[in-house]
Amino acid sequence: MTYQDARPATGLQDAILRHLTYTIGKDTAHATLHDWRMALSYAVRDKIVDSWFVSTRTAYEAGAKRVYYLSMEFLIGRLLGDALVNLRFDAEAKAAVEGLGLSFDAVLHDEPDAALGNGGLGRLAACFLESLSTLACPAMGYGIRYEHGLFRQSFEDGRQIEQPETWLQQRHAWEFERPEAMYRVGFGGHVADQDDRAVWTPAEAVLAEAHDTPVVGWQARWTNTLRLWGARAGDPLDLKRFNHGDYVGAAAAEMLARSISRVLYPDDTTPAGKELRLKQEYFFTAASLHDILRRFDSEHGDIRALPDKVAIQLNDTHPAIAGPELVRLLHDERGLPFDEAVDLARRTLNYTNHTLLPEALEKWPVDLMRHLLPRHMMLIDRIDADHAAHFPARPTPIVADGEVNMGTLSFVMANRVNGVSALHTELVKQTVFADLHALHPERIVNQTNGVTPRRWLHACNPRLSGIITGAIGEGWVGDLEQLSGLEPHLDDAGLQDAIAGAKRANKVDLSNWVSATHGVSLDPDAMFDVQIKRIHEYKRQHLNILEAVALWQAIRANPNAGWTPRVKIFGGKAAPGYVFAKKIIHLINDVARVLNADPVTSPFLKVVFLPNYNVTLAERLIPASDLSEQVSTAGKEASGTGNMKFALNGALTVGTLDGANVEIRDHVGAENFFLFGMTAPEVVARRAVPDHAGQAIAADPRLAAALEAIHQGAFSSDDPNRYHDITGNLRGPDYFLVCSDFTDYWRAQRAVDAAYRDGAHWTRMAALNTARSGWFSSDRTIRGYMADIWGATSLRPGA
Ligand code: 26W
């Protein structure tokens, strides 16, 4: 990478060169792309620090109520591009970097994703932090600084291969170490009664060290902090062992401690149930509560004011131990009476439920909890007894069948409990928490998810963003519902052409990238039909590929029927232990290999599975998508957030009435949404029908033929029986009703084909999706949490 100083230096250019020289210690002649990227990052970081200091000071002076978001996951992605956009420096940075003879894109793409999350829950947390800053709500995110984020996915003969993710192999430009914020977190040991106070003496302890990342909001008017805890040993090296040549033993304590923040558990539905996972959950929760109370003490006197000055949000049950831990700190350590401690904790804590899947609800064995956290188990029993005493008629025990139900614990210890879409919240009231809802009818509220428009429209789709701003000004970026202002403009042909032109240009970019990186050529005039999300049976990627097989067979049967060219693009990781999901990945890759090589059908249908789906790949795919696949079995997807990102970027949805699809359809209009499938109540009814799959197959020869082709090994000639587990499941239990929804899905997809053939009509529908999706901004969601749950206010007037 040669440097030639062609143009007059700008302020930012000076800053970049200064950091290259004095922070990186490189001269321009020897600087690598990585050096330049770090130099630019430090130059940009300098600008964020100013806003950061002001925000921190303002929050202190205001003595404002603070929001603390506790999450095991923050799926942040890259930060350089996001920071530049929020600082309104992206144009200047591009000029400065190109002025130095470098490719701006190459510099941005040198940054590794911070993949500290599995999927929806983790990404939502990241969007929420950005909106909290944009709304100038004093808040902190608390989580774990995993050394290794979500595994890297690659394919070997179509099978998923996992490799460790290594984002911290290079320095992380966006974090600041905070050695002064270090807390000791204990595990195990025993509890003794000393003059009627329980005293817990842990058997072992690790140190939690803070690493802060500034979270800058839109226009850099406010910057909050994400504090991630790294684990380390009290004494990193046992010299005695070392001197005896026991080098491994000497470092054992350090290794053991660091294993707590070593790696993110890659499961996004079924808890691993491992002791280390519970240690991770307690480690970051305990360190965070210590830090929260230290800050409270430094600002406020009487701990009884805690609920007035602090609101804590538990991102699912993963930090649920916060309830007993806060009671322990208030009762055991600060001497408050038990009932008062429980009351204070309950008025401070809130809990968000993100899933109805029974297997995803965490239940820890009582023995394990008692072994690892003996004092907490005692407090959980006492909280359980206290709650039962208040509601003898309707027992909803936290502890049952030798397990601690973390969902019930979270509910009992929360001021407010919320679901993440209107349908999901109703189902939460009717199913998982029906009993508790009956006892506490005011506690459950809904907060439908949202996404940040800065990353998911303004930054990832500059072409469409420019067109929108051209039509209605730029206010929409900070106030997304202004997008509705586009609608009156939609009839002027110029705008529709521009929107269609932008979509096509994004698709050309994607085609070039896919052919450059994966050697597959995509026709940018074909419909880009995209399903990107974690692989799971309830998300029904296998319904999508089944339809592809049926379509392939239909095209082969009648090639000249005027088929709408379509490219089916898949992306998504399967939890390493989830065998069926990994089989679905293998099937999709096997089908792709056969279909893409078929000279008769490939002009009309191609299938591509892009490996290692992550935030950055989503930012590349969503602006180039025509069709958004949101095909989960109704009642299973709590909300979805990808669905919102697609609608905002002018992709039409083919989907079921599940999660937030319901509200998206309500906002964009039923006529601009391709609905299919059973509703949640119909799903429950259908599941009760004996042999429901067999009946569906018998009634639909197309479905039968597609299943048979897979069963016969049409896509696995080297191993014909490879997919008998999938066909056996679909012809048998088919719990997620793939067969029963197939016929209607096929109908919807043919309606999509017909609509796509009318370009102007399609573009209008796409533009209406954009114009009417403003409500799905995470700014709107956070305003809801601030008003209905936290009682928090913005410190920036008019925010
Ligand atoms: C303990 C294993 C585990 C890990 C993560 C169980 C469950 C989870 C998450 C709750 C799974 C998750 O990401 N849920 C998704 O949350 C999104 C944000 O609210 C929703 O939009 C998705 O519908 C939901 O599946």
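Contact, as I will use the word today, means heavy atoms within 4.5 Å, and with that in hand I can start from a single residue, Leu-228, which touches Phe-74, Leu-116, Gly-143, Ile-144, Arg-145, Glu-209, Ala-210 and His-211, leaving aside residues up to four places away in sequence. Please keep in mind throughout that what you see above is a predicted model.

Leu-228 sits in strand 11, which covers residues 223-232. Is Leu-228 buried or exposed? Its relative accessible area is 5%, and because buried means under 20%, Leu-228 counts as buried. If you look for Asp-212, which is 16 residues from Leu-228 along the chain, you will find the two C-alpha atoms separated by 6.4 Å.

Let me move out to the domains. The assignment for the protein chain gives domain 1, made of 63-78 + 113-374, and domain 2, made of 453-775. The C-alpha centres of domain 1 and domain 2 are 36 Å apart, and the contact between them involves 33 residues of domain 1 and 33 residues of domain 2.

Next, the nonpolar cores. In soluble globular proteins, nonpolar side chains tend to be buried together. Here the largest nonpolar core holds 186 residues, and the members that touch the most others are Ile-16, Phe-283, Met-369 and Trp-790. Helix 9, residues 275-299, supplies the largest share of this core, namely ten residues, while domain 1 and domain 2 each give it at least three. Taking Ile-16 as one of those well-connected members, we find that Ile-16 touches Trp-36, Ala-39, Leu-40, Ala-43, Ala-96, Val-97 and Leu-100, again without counting residues up to four places away in sequence. There is also a second, separate core of 59 residues, and Ile-545, Ala-581, Ile-584 and Ile-588 are among its members.

Now to the empty space, beginning with the largest pocket, which holds about 1,100 Å³. Of the 34 residues that line this pocket, those nearest its centre are Asp-105, Leu-108, Ala-459, Cys-460 and Pro-462. Several helices give two or more residues to the lining, including helix 5 (104-108), helix 18 (453-459) and helix 19 (462-472). By residue class, the pocket lining divides into 13 nonpolar, eight polar and 13 charged residues.

How many cavities of 30 Å³ or more are there? The count comes to six, and the largest cavity contains about 940 Å³ of space. Its lining has 50 residues, with Asn-118, Gly-119, Gly-120, Leu-121 and Asp-268 closest to the centre, and the elements that contribute two or more residues are helix 6 (120-134), helix 23 and helix 24 (642-648). Domain 1 and domain 2 each provide at least three residues of the lining of this largest cavity, which divides into 18 nonpolar, 17 polar and 15 charged residues.

The second largest cavity holds about 220 Å³, and its lining consists of 18 residues, of which Ile-76, Leu-79, Asp-82, Val-215 and Arg-455 lie nearest the centre. Strand 2 (74-77), helix 3, helix 6 and strand 10 (204-216) are the elements that give two or more residues to this lining, and its residues fall into twelve nonpolar, two polar and four charged.

To finish where the two domains come together in this account, the largest nonpolar core takes at least three residues from each of domain 1 and domain 2, and the lining of the largest cavity likewise takes at least three from each.

Methods
Residues numbered from 1 in each chain as written. Predicted model: local features only at pLDDT ≥ 70, side-chain atom pairs only at ≥ 80, totals over all residues. Heavy atoms only, no water. Core = buried A, V, L, I, M, F, W, Y, C linked by side-chain atoms within 4.5 Å. Buried < 20%, exposed > 50% of the residue type's maximum accessible area, 1.4 Å probe, protein only. Helix = DSSP H or I, 4+ residues; strand = E, 2+ residues; numbered from the N terminus. Domains from an automatic or database assignment. 1 Å grid on protein atoms, 1.4 Å probe; cavity = no way out; pocket = protein on both sides within 12 Å on 5 of 7 lines; lining within 4 Å. Points joined across faces, edges and corners; volume = space filled by probe spheres on them. Nonpolar A, V, L, I, M, F, W, Y, C, P; charged D, E, K, R; others polar.
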